[in-house]
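Colleague: Could you take me slowly through one part of this model, namely the way its helices pack against one another? I would like to follow the reasoning as well as the result.

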Amino acid sequence: MIRRAAVVPHPPLLVPELVAGAAAETEPLRRATVAVAAELAQVAGVWLAVGADPAGPVRIAPHTRGTFAGFGVDVPVTLSADGAAGEADPRLPLPALVAGWLRERAGAERVHADLVPPELPPADCVRLGERLAAEAGGPRPVGLLVLGEGSNQYAEHAQALPDPRAAPFDEQVRDALADADPRRLLDLDVAPAAELGAAGRAAWQVLAGAALASGHEWRGKHAELLNPFGVAYHIAVWDPA
């Protein structure tokens, strides 16, 4: 069963080697994200991960090896503690790289990563969530790692023109995550999320589908919204009630 769900961002700046000149500035976000991954590993060594990426739909197996070389430094990662030796895939998408990087730091056994297109319709997100919940059925605890980010259109360091809708959108996400309310996550509209650069919408709605299919009520253990670099980074933990 899905014993816990953890929501994390996946920016390259989490990896200290990639931000050598700003390691101290990025440390609070890194510390918070790794702490949530550690909470997931406390209850489940096997993870199912979901993130939005243009490479989707694709499932990435635990034996996969990757590297952050495409982001400036050759930092290798594996999706399994006993990952096969061999060449690291330099094209491994960012959500899968971060899932492997977090697995290593948290001490989890392995992670299967499902990547979905950022524009995936909510109904398809729900269907994938239902499939993941069914896959996690059985007595062994499974952790659900949900990788995604909110709007990138805040005034400070905005990647596009600042948009006044960004803050209300991410407050809605934060409140839904804090309350462990999957139906409010499903209320997020595809078009505004895309206009705001919030690619995490699809992954959060997969979480909603998995939560609803699990047969359990959920409670939010904690939730944070950080936007130190003009991007909304959501961090949360859900447990079955």
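Modeller: What follows is a close look at two helix pairs in this model, which is a predicted one.

Let us begin with helix 3, which covers residues 122–135, and helix 7, which covers residues 200–213; their axes lie 7 Å apart and the two pack at an angle of about 50 degrees. Because of that angle, helix 3 counts as oblique to helix 7, and the crossing between them is right-handed. On the side of helix 3 the contact is built from P122, C125, V126, L128, G129, E130, L132 and A133, while helix 7 brings R201, A202, Q205, V206, G209, A210 and A213. Sorted by class, the residues of this contact are ten nonpolar, three polar and two charged.

The second pair consists of helix 1 (residues 23–43) and helix 2 (residues 94–106), whose axes come within 9 Å and cross at roughly 70 degrees. Angles from 65 to 115 degrees count as roughly perpendicular, and helix 1 and helix 2 are therefore described as roughly perpendicular to each other. Here, too, helix 1 passes helix 2 in a right-handed crossing. The residues that meet are R30, T33, V34, A37, A38 and A41 from helix 1, together with W101, L102, R105 and A106 from helix 2. In this contact of helix 1 with helix 2, seven residues are nonpolar, one is polar and two are charged.

Definitions and conventions. Residues are numbered from 1 along each chain as its sequence is written. This is a predicted model: local features need pLDDT of at least 70, side-chain atom pairs count only at pLDDT 80 or more; totals for chains, interfaces and linings use all residues. Side-chain values use heavy atoms; hydrogens and water are left out. Axes are lines fitted to C-alpha atoms, for helices over the stretch in contact, and angles run from 0 to 180 degrees between N-to-C directions. Helices (H or I, at least four residues) and strands (E, at least two) are DSSP runs, numbered from the N terminus. Angles under 35 degrees count as roughly parallel, over 145 as roughly antiparallel, 65 to 115 as roughly perpendicular and the rest as oblique. A crossing is left-handed if the near helix is turned anticlockwise from the far one by less than a right angle, and right-handed if clockwise. Contact means heavy atoms within 4.5 Å. Ala, Val, Leu, Ile, Met, Phe, Trp, Tyr, Cys and Pro count as nonpolar, Asp, Glu, Lys and Arg as charged, and the others, Gly among them, as polar.
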